[in-house]
Amino acid sequence: MRLGIGFLVIVFIFVGVLDFAVRYKFNGKRWSVPAKVYARPLELYSGLAITPQALMSELKRLHYSMDAKVATPGTYYFQANRLILYTRGFEFWDGLEKPVKLALDFDDAGVNAISSLPLASDNPPGTSSGFASEPEHLDLVRLDPLLIGGFFPAHNEDRILIRLEQSPPYLIDGLLAIEDRGFYEHSGLSMRGILRAFMVNVKEFRLAQGGSTLTQQLVKNFYLNDKRTFSRKAIEAIMALLLELHYEKDEILEAYLNEVYLGQAGQRGIHGFGMASQHYFGQPLNQLKTHQAALLVGLAKGASYYDPRRFPERALKRRNTVLDLLVEQNVLTKKQAEAAKTKPLGVIANASNSDALFPAFLDLVKRQLQRDYREEDLRTEGLRIFTTLDPRVQIKVENQVERSLRSLQSGYGESVRDLQAGVVVTAPQSGEVLAVVGAKNPREAGFNRALDAIRPTGSLFKPAIYLTALSDYQNYSLGTLIKDEAFSIPTQEDTEWSPRNFDGISHGDVTMIEALAKSYNQAGAKLGLDLGLGNVLQSLRALGVERPLPEYPAVLLGAGGLSPLEVTQMYQTIAAGGFSSSLRSIREVLTAQGEPLARYPLSVRQMFDPEAVYLLTHAMQEVMREGTGKSAYYYLPKELNIAGKTGTTNDLRDSWFVGFTEDYLAVVWLGLDDNGAMPLTGSTGALQVWIAMMKDLEPKPLFAPPPEKIEFVWYNPVQGKRSGNNCSGAIYIPMHEQSIPNEWTACGRGDKVIDAIKSWFK
Amino acid sequence: MNFFLKILLFLGFASLAACVAMPEDAGRSSPAPEFLPGGNASGNDNSYQPSRKAASKPPQSKFNDEVNPAVINLISSARDLKNRGEYPACAAKLERALRIDPESVSAYTLLAEVRLLQEQNLAAEQLARKAMAILAQRKRSSNKELQMEHLRLIVAEARSERH
């Protein structure tokens, strides 16, 4: 008797402990969900410069499928310059973008017009609706963004949480039909299942059959390990009963949908139907079709055994079994099932969210996030991070970097065998980072040269020298003569600094525009020293260089060093007309529930006069027309009006090029990781990569109209006077109104007077 | 002054009035903070001839006003959001507009007005300056002068509120 009571007490305590465990986990945060990172969504509008082919590549990346009917979200069809597209819709930071069916009409310039088409549900067949059949003009449509990665927790479970109502038709029916027919009736255990399992087990003398209800399976996944012992089974059964006691059927079902193991992506386990849908079909769960839902249901029993990528035949058979069962249960008609069976598995080749996608860009995103969020939250809170990455730009840049490096290697041989690269591309006005490449093999994670290779910049600091001068309108203009001649100044270590020109020649008196275009070291250094080292360093800081730089003269020719990303920040200010914007790789962060959490807004800060920056930009365009960047126009149309600057360091250890058009600012660095010398200058190395990138990107011409205070004049630099058109010794340059001299050369004035007299007699 | 100009003036001042209406907005609970991470950014003498081809013709001015319907659409919904006091959402719309047309003076101007309402005066002033710099590159027109004047007022207000 006493023994009996004692036993009861023990059982009571034991059940109490189990009950606590059941409720504790179920009530608390059940899963840690990795943050998901998205590329920028493509905005479609009339006037968008994109070819149908480029748009279709974007759709393919998003796993849209070509289908003449275009009857469901995620499909499109193209014929005779018209693309019919049914978007998926997406929940963005600024609201839900609903799925829409639309027609895009293309002309040579890109998207000409967008009109909406009626959805099937808007106008059900048989009903004659008086309206909604007219195509409606649409101004703007956003596609869903490409998932480019995530931040995964230590135990490497990847999932996307879903709610019960997000499951597609037949998923739940199929799941219950195949896993647990009595789910809505039983109290956690199914006697029929247990009996059936018992019979099988007795027959085979081992624990082969589970006979588990969904509740039991959830308990096993949630609280217990995989061992099949009788005591485990007993505990599992008690916990299943307790779970059913405390929670609604739908809550348990929803938990099961999010917990069940459905596959593997490298190190990461794919848990739940939400993530599985992305993993196998690259689509949101609620848009799966019957045959896709059936495949996922089939995987619940054994995701590795039925892995549709490794064992497609086995998976197909399994899927069709599920479809047959649905007919048996009167969920599907025989006709529907047969139609679904004719469909291929439709599994995408590689999961779009593979870790290897764009590692250098993700690295940048992660560093920015780590400033504002705890690592733990990034790995567990299911944050949705919307980045600025433009997959189209990123992929083209990656391809061209790889190709150009290969061709440089075949041209220069052994000495550049280990040539490495760091590339950053941004949108010049906003400072949004569009693409990052951190290695010659862009898919290789590891040392991210775009962010971490701090290398001397060579002539890339020269624009800061010239900008300092050009901001002083009284004393300097592009036509001011400066001295390109040998000089030496003592340095701190008892040595002398005597800069040399690349060609070894001093060029005497040269105009500022020529000195920058041809990148004369002696003229640039002399000008910098005349202006004062402190003032030039001040300009560098104003341009956005935060890294401390050495305060000795060699800094004028790039001593110290910056990463490609830091160089981008510096030139961003020039490309944006003197307004500095912090480079941004993140736009918005949403919580797992879709609540806005943070925005990284556009901010601008004026650091230089638009007039001074205009003059500098003009000189940087001259670099491309007549100077060190000239070779660009052998390959690119001259109308692009590119502004650029080459950079080469001593003994050819670093090859740099920075250039911008209207829509892209791109910085390219090439060099060896061991800092060895190579036979490449900025022009023969980095510029060639830049050209290849731009050729592929087809940028818009740089359009920088002169500010009001700038006037184009004929100017004689030697005499320091204005001149008439085409007088000998005169150059045609933009000048600030304060720099324009009142005096005229004899040639100019004379012409002017004669012209004026002539005009009286007309 | 013609009729068209009067309407423009009225619109200019009406939108200005919207930003001056601080007391009304002050009582409203401010929307979720939009936190700003990181606190924010050959030969000798004159034988050289700069190339003339591209330089000899200063480029023509662009359109003076936004013509892209997508941009107009975004700016108009941003205006609604601004009137409802939903500033971060409004800013998000304007940034979308600026991605499509990075030189939209209207988008920069409205963004400056929103920052002023959010009492981010430094940001407001800088955005207005950016709009002015873009505007300064455009052809002379009465509309341009009007927009310029409006932007100067934003700058003045941003500066006065800061102290």
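What follows is a walk through a few helix packings, a chain interface and some individual residues. Keep in mind that this is a predicted model.

Let's start in chain A with helix H9, residues 290-299, and helix H10, residues 312-328. Their axes sit 8 Å apart and the two helices pack at an angle of about 105 degrees. That angle makes H9(A) roughly perpendicular to H10(A). If you want to find the contact on screen, H9(A) brings A:Thr290, A:His291, A:Ala294, A:Leu295, A:Val297 and A:Gly298, while H10(A) answers with A:Ala315, A:Arg318, A:Arg319, A:Val322 and A:Leu323. Sorted by class, this contact of H9(A) with H10(A) has six nonpolar, three polar and two charged residues.

Now stay on H10(A) and look at its packing with helix H11 of chain A, residues 334-341. Here the axes come within 9 Å and cross at roughly 170 degrees. H10(A) and H11(A) are therefore roughly antiparallel to each other. On the H10(A) side you'll find A:Arg319, A:Asn320, A:Leu323, A:Asp324 and A:Val327, and on the H11(A) side A:Lys334, A:Ala337, A:Ala340 and A:Lys341. By class, the contact of H10(A) with H11(A) comes out as four nonpolar, one polar and four charged residues. A:Arg319 and A:Leu323 are worth clicking on: H10(A) uses them in its contact with H9(A), and they turn up again in its contact with H11(A).

Next, zoom out to where chain A meets chain B. The contact draws on 66 residues from chain A and 54 residues from chain B. Between them the two chains bury about 5,200 Å², with carbon and sulfur atoms giving 55% of that area. Seven salt bridges are found across this interface. One of them joins B:Glu95 to A:Arg584, with the closest N and O atoms 3.4 Å apart. There are also 13 residue pairs in polar contact between chain A and chain B, counting pairs with both residues at pLDDT 80 or more. On the side of chain A that touches chain B, helix H21 of chain A (residues 610-626) gives the most, with five residues. That side of chain A, split by class, has 30 nonpolar, 17 polar and 19 charged residues.

Salt bridges aren't confined to the interface, so to speak: the whole structure holds 50 over all chains. Take A:Asp105 and A:Arg82, whose side chains meet in a salt bridge at 2.9 Å, N to O. A:Asp105 lies in strand E8 of chain A (residues 101-107) and A:Arg82 in strand E5 of chain A (residues 82-86), so the pair ties together parts that are 23 residues apart in sequence.

Last stop: A:Glu743. You'll find A:Glu743 in the loop between strand E32 (731-736) and helix H24 (746-760) of chain A. Setting aside its neighbours within four places in sequence, A:Glu743 is in contact with A:Lys721 and A:Arg722. For a sense of distance, pick A:Ala21 as a partner: A:Glu743 and A:Ala21 are 722 residues apart in sequence and 92 Å apart in space, C-alpha to C-alpha.

How values were computed
Residues numbered from 1 in each chain as written. Chains lettered and ligands numbered in written order. Predicted model: local features only at pLDDT ≥ 70, side-chain atom pairs only at ≥ 80, totals over all residues. Heavy atoms only, no water. Axes fitted to C-alpha atoms, helices over the stretch in contact; angles between N-to-C directions. Helix = DSSP H or I, 4+ residues; strand = E, 2+ residues; numbered from the N terminus. Parallel < 35°, antiparallel > 145°, perpendicular 65-115°, else oblique. Contact = heavy atoms within 4.5 Å. Nonpolar A, V, L, I, M, F, W, Y, C, P; charged D, E, K, R; others polar. Buried area = accessible area lost by both parts, 1.4 Å probe. Salt bridge = Lys/Arg side-chain N within 4 Å of Asp/Glu carboxyl O. Polar contact = N/O pair within 3.5 Å; in protein donor to acceptor, adjacent residues only side chain to side chain.
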